[in-house]
Amino acid sequence: MFEKIKKLIEKAGWPRIIIGLFLLSLFFIAPFVGIKVSTSISDTIVRFAMNAVLVLSLVPMVQSGCGLNFGMQLGVIAGLIGAITSIELGITGLAGFLVAIVIAIPFAAILGFLYGLLLNRVKGDEMVVATYVGFSSVAFMSMMWLLLPYKSPNMIWGYGGEGLRTTISVEGYWLGVLNDFLSIKVGNFFFPTGTIIFFGLMALIIWIFFKTKLGTAMTAAGSNPVYARAAGVNVDRMRVLSVVISTIVAAIGILVYEQSFGFIQLYMAPLLMAFPAVAALLLGGASVSKASMGNVIVGTFLFQGILTMTPSVMNNIIKSDMSEVIRIIVSNGMIVYALTRRMKVRT
Amino acid sequence: MKDQSLTRAKSPLARFVISNAVPILFIVLLIFAIPLSGFSTDYLINEIITRLGRNSFLVISLLIPVMAGMGLNFGIVLGAMAGQIGLIFMLDWGVVGIPGILLAMLIGTPIAILLGLLAGTILNRAKGREMVTSMILGFFINGIYQLTILYGMGSLIPITSNKILLPRGYGVRNALDLISVRKVLDNMWSINISNISIPLGVFSIIIGLCIFVYWFTKTKLGQDMRAVGQDMQVAATAGINVDRTRTLSIIISTVLACFGQIIFLQNIGTINTYNSHDQVGTFAIAALLIGGASVVKATIPNVFIGITLFHLTFIVAPRAGKELLGQAQIGEFFRVFVSYGIIAISLALYAWRRQVEKETERRQAKAAIKAAIEDKAEG
C-alpha cells in the first residue's frame with residue numbers, strides 16, 4: 001500500500017501533487033467564504049480554453065530538442081498582425097476570425113523559419129537566446145505599431161495621436177466567436193464549447209502529426225540526435241520544422257485568447273507572455289525535453305485553476321489581491337524547478 | 001565555413017574589427033545620433049559622468065561569475081533586492097547621510113549572502129544552463145520579494161513609519177523618497193571643473209572596487225575560479241572543489257550587486273519599491289556586452305566603455321527619434337529594443353562561434369584518426 005502511494009507520487013512528481021492539493025483545498029474552502037463553486041469552475045474552464053492553444057504551441061519545440069520556447073512572442077506577434085489586419089479590413093464574425101488566422105500563418109511561418117535557423121546555430125543555448133529574441137522582437141514591434149499605416153478609427157488614437165492604441169477591443173468584430181459557439185449556459189455556469197472543440201481539434205492534429213513518420217523523426221531528433229542522424233534523419237531540418245509549427249500554433253493561440261479575452265493588447269503587453277505558458281506545460285509534468293498532450297491539458301487546467309481560485313478565495317479571506325504575486329511565484333518557481341532537474345545524459 | 005574564416009581573419013585590422021564589432025557598431029551609431037539629438041557637449045559629458053558613477057558598481061559585479069565560467073549573472077537582481085530591503089530598514093529607523101548608506105549595506109549584506117548561496121546552489125544543479133536559470137530565478141525571487149514587502153512588512157516584519165507603510169497598515173508604498181541619503185556619496189568630495197561636476201567620492205569607491213577585483217584574480221580563490229571556468233573536470237581532478245568555488249563567485253557577485261544598487265538608488269533619490277530592481281540585470285548585462293565583453297571574457301575596460309556607449313545611446317536615442325520621425329516614443333522603444341537586441345545578438349554569436357569551434361575540433365580529430373589508420377595500413 002505504502003509502496004503504491006510512493007510510486008504514484010514519484011510518477012506524478014511532487015510539484016504537481018502540492019499544486020493539485022492546493023487547488024483542491026481552494027475549491028473546498030471556496031463555499032465557506034461565500035464563493036459560488038459553479039462560477040469558479042466555469043471561470044477556470046473558460047480560462048483553460050483561452051490559454052490551452054498557447055500552451056500546446058510549446059510542444060513541438062520541446063519534442064524536437066529545442067527546449068522551452070521562451071521566444072513564443074514571435075508567434076504572438078504574427079497573430080497580432082493577423083488580428084489587426086482583419087479588423088482593418090472590417091470583417092466581422094467567424095469570417096473575421098478565420099481571416100486573422102489566414103493572415104497570421106504566413107507571417108508566423110516566415111518568422112518561425114528564420115527563428116529556427118537561428119536556433120540551429122546556438123544548440124545548447126537555445127533558451128536564453130530565445131528569451132532575448134522574444135524580448136527584442138516585442139520592442140521592435142512596439143516601434144512598428146507606432147509606424148505602420150493602419151487607418152481603422154477603432155484602432156488608432158483619436159485626436160491627432162499617431163499609431164495604434166495599446167488595447168484594441170474586438171467587440172463588434174469577433175468577440176467570443178468560438179466561446180459562444182454551441183455554448184452551454186446554466187445560471188452562473190458557462191461552458192465555452194466552441195473554444196474547447198477548437199482546442200481539441202488542434203491538439204488532435206498535433207497528436208496525429210507526432211504519430212506520422214515525420215513526427216516520429218522529429219521526436220527522434222530531439223531525444224537522441226546522434227542516433228537520429230545515423231538513421232538518416234536530417235536533424236537540423238526537423239528542428240526548423242518544429243519551430244515553424246510552434247510559431248504558427250502560437251499565432252493561432254493568441255487569436256483564440258483574444259476572442260475570449262475581448263481585447264488585442266499591443267506594445268509591451270506580449271513581453272512576458274511565454275512564461276505563464278511554459279510554467280503551465282511544466283506544471284503538467286513536462287520536462288525540458290519531453291512533453292505530451294496530457295501535460296498540456298493537466299498543466300493548463302491546474303495553472304489556470306490556481307490563477308482563478310487564489311484571487312477570489314484570498315480576497316475573501318484577507319481582503320487583498322495576492323493573485324499577481326502568487327502567479328509570479330508559482331510560474332517561475334515551476335520553471336526553475338524544471339531547469340534544475342537532472343536530465344538524462346544525451347550522447 | 002564562412003564564420004570560421006571570420007574568426008581567423010588574416011590581417012590584424014580585420015581581426016580587431018571583428019572581435020570588437022559591437023562597440024564599433026555603437027560608435028558609428030552614435031556618430032550619427034549625437035548631432036541629430038542636438039545636445040551640447042557639456043550636457044553629455046555631465047550626464048555620462050553621473051551615469052558612470054551610478055552604474056559602474058553594478059556592472060562590475062558581473063565580472064567574477066564570468067571568470068568562473070558561469071556566464072552573465074542575470075541573478076544580480078537578487079543582490080539589488082537585498083540592497084532595497086536594506087534601504088527600507090534604513091528609512092524606517094531614520095538613519096540619514098553616510099551612516100544611513102552604511103547601515104543599508106550592513107543590513108543588505110547578510111540577505112545578499114543568503115540569496116547568493118541559494119542562487120549558487122541552484123545554478124550548480126543547472127550546469128550548462130546557468131544564464132537562463134539565473135534569469136528565471138530572478139523572476140522567482142522577485143515574487144518572494146513582493147510577497148515579503150507587500151504582505152510581510154508591517155505585519156510580520158516590524159516596520160513602523162507610516163511614511164513607508166501603505167495606509168492599510170502593512171505593505172510598503174510604491175515609491176519611497178530617499179531624500180535623507182540622496183546623493184550623499186555623490187556630493188562627498190565632489191569637485192567642479194568648468195561646469196562639469198565630478199563626484200570624486202563615488203569614483204574613488206569604484207576605483208577601490210576595480211583594485212579589489214584585480215587583486216582578487218591574483219588570489220588562490222581567483223585562480224581556482226579561472227580554472228573552474230576553463231574546464232570543470234580538469235579543475236576537479238586538480239583538487240578544486242568546483243561547486244563551492246562556483247557558489248562563492250555567485251555570492252560575491254550578489255553582495256557587490258547589493259552595494260551597487262544602494263549606490264545607484266542614492267543617486268536617483270527614490271525607490272520604486274516594486275520596479276527599481278526589475279531591469280538591473282538586463283541593463284547591466286547589455287552595457288557590459290556593448291563594451292565588448294562576451295559570455296566567457298569580461299574585463300574592467302569593457303565595463304567603462306560599455307556604460308559610456310550604452311548610456312550615450314540611452315540619452316540621445318529618444319531625442320534623435322523625435323527629430324527623425326517626430327515621435328519621442330519611438331526613441332524610447334528603440335533603446336529598449338537595443339538593450340534586448342544586443343543581448344540576443346551577443347549571446348547568439350557566442351553560442352554560434354562555440355558550435356563552429358566544436359565542429360572544427362571534431363573534424364580535425366576525425367581526420368587525425370583517419371590519417372593514423374591509413375598510416376598503419378601502409379606500414
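Here are some notes on chain B, its contact with chain A, and one helix of chain A.

1. First, a caveat: this is a predicted model. Every number below is computed from its coordinates, so to speak "as modelled".

2. Overall make-up of chain B. The chain carries 16 helices and four strands. Its radius of gyration comes out at 23 Å, close to the 21 Å from the globule rule for 379 residues, so chain B is as compact as a globular protein of that length. If you want a box for it, the C-alpha atoms fill roughly 90 × 50 × 35 Å along the principal axes.

3. Packing inside chain B. Some 44% of the 379 residues count as buried. Looking at contacts with a separation of 6 or more, 72% of those in chain B join residues 24 or more positions apart.

4. The hairpin in chain B. Strands β2(B), residues 190-193, and β3(B), residues 196-199, run antiparallel and pair over four bridges. You can follow the register residue by residue: B:I193 has B:I196 as its bridge partner, and B:N192 stands opposite B:S197. Two residues sit between the strands. One to check in the turn is B:S194, where phi is positive at about 35 degrees.

5. Where chain B meets chain A. On the B side 35 residues are in contact, and on the A side 29. Helices α8 (130-152) and α16 (328-378) of chain B each supply at least two residues to that side. Which helix gives the most? That would be α16(B), with 15 residues. As for chemistry, the touching side of chain B splits into 24 nonpolar residues, nine polar and two charged.

6. A helix in chain A. Helix α14(A) covers residues 323-340, which is 18 residues. From first C-alpha to last, α14(A) reaches 26 Å, close to the 26 Å expected at 1.5 Å a residue. Which of its residues are buried? Early in the helix there are A:V325 and A:I328. Then comes the run A:V330, A:S331, A:N332, A:G333, A:M334, A:I335 and A:V336, with A:A338 and A:L339 completing the list. Note that A:S331, A:N332 and A:G333 are buried along with residues such as A:I335 and A:L339.

Terms used:
Residues numbered from 1 in each chain as written. Chains lettered and ligands numbered in written order. Predicted model: local features only at pLDDT ≥ 70, side-chain atom pairs only at ≥ 80, totals over all residues. Expected span 1.5 Å × (residues − 1). Buried ≥ 20, exposed ≤ 12 C-beta atoms within 10 Å, placed from the backbone. Pairing = 2+ DSSP bridges. Rg over C-alpha atoms; globule rule 2.2 N^0.38 Å. Contact = placed C-beta atoms within 7 Å. Nonpolar A, V, L, I, M, F, W, Y, C, P; charged D, E, K, R; others polar.
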